Amino acid sequence: MNYTVEVFTDGSKSNSEVGSGIAIFIDQELAHQMQFKLHGQCSNNQAEQIAILKALEKISTIDNLQDKQKSAIIHTDSLITLDSLRNPNNHKNIIETIRKQARKMKEQRWTIHYTWVKAHVGIAGNELADKLAKRAARNEDLEVC
């Protein structure tokens with residue numbers, strides 16, 4: 001399947017610095033770069049999950065698709081997050097919020113798929129999301145999300 005929107009998400013944690021990064025491509029062109037600084041007590045998995053949630057929220061606001069299909073693929077290098085989303089017994093707050101956002105988008109006729117990508121193997125979108133997450137974690141000027 002070809003997707004109109006392709007998203008790469010990543011989280012980064014180093015010591016007490018945590019950040020999320022997102023690269024959104026529309027028709028294979030970089031359309032949005034987003035980064036969020038998180039509280040230092042957040043885990044890397046939470047940073048990965050926040051990246052997916054923020055990406056979904058941003059995608060839902062895209063209104064310049066004209067007659068194009070509302071389809072998106074979210075790439076993450078977090079198997080834990082993908083497993084959590086697939087596990088109906090996992091009701092952690094961020095996971096439930098991601099599910100709620102995805103259901104809302106489905107009602108708006110969006111098709112959303114999630115895939116795992118291997119980290120640090122030269123996939124340009126994933127490398128960009130990684131760089132944004134690391135930059136957000138170190139950025140003292142960003143407000144904590």
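This is a short tour of the structure above, going from the whole chain to one pair of helices.

Start with everything shown as a cartoon, and keep in mind that this is a predicted model. The secondary structure of the protein comprises 4 helices and 5 strands, and if you trace the chain from the N terminus, you will pass these elements in the order β-β-β-α-β-α-α-β-α.

Next, select the C-alpha atoms alone and turn the view along the principal axes, where these atoms fill a box of roughly 45 × 35 × 30 Å. The radius of gyration is 14 Å, which agrees with the value near 15 Å that a compact globule of 145 residues would have. Colouring by burial then adds the interior to the picture, since buried residues make up 46% of the 145 residues. Among contacts with a separation of 6 or more, 69% join residues that lie 24 or more positions apart.

Now select residues 44-59, which form helix H1, together with residues 93-107, which form helix H3; the two pack with their axes 10 Å apart, at an angle of about 20 degrees. Because angles under 35 degrees count as roughly parallel, H1 and H3 are therefore described as roughly parallel to each other. Looking at how one helix passes the other, you will find that H1 passes H3 in a left-handed crossing.

Finally, show the side chains where these helices touch. On H1, select Gln46, Gln49, Ile50, Ile52, Leu53, Leu56, Glu57 and Ile59, which meet Ile94, Ile95, Thr97, Ile98, Gln101 and Met105 in H3. Coloured by type, the residues of this contact divide into 9 nonpolar, 4 polar and 1 charged.

Methods: Residues numbered from 1 in each chain as written. Predicted model: local features only at pLDDT ≥ 70, side-chain atom pairs only at ≥ 80, totals over all residues. Heavy atoms only, no water. Axes fitted to C-alpha atoms, helices over the stretch in contact; angles between N-to-C directions. Parallel < 35°, antiparallel > 145°, perpendicular 65-115°, else oblique. Left-handed = near helix turned anticlockwise from the far one by under 90°. Contact = heavy atoms within 4.5 Å. Nonpolar A, V, L, I, M, F, W, Y, C, P; charged D, E, K, R; others polar. Rg over C-alpha atoms; globule rule 2.2 N^0.38 Å. Buried < 20%, exposed > 50% of the residue type's maximum accessible area, 1.4 Å probe, protein only.
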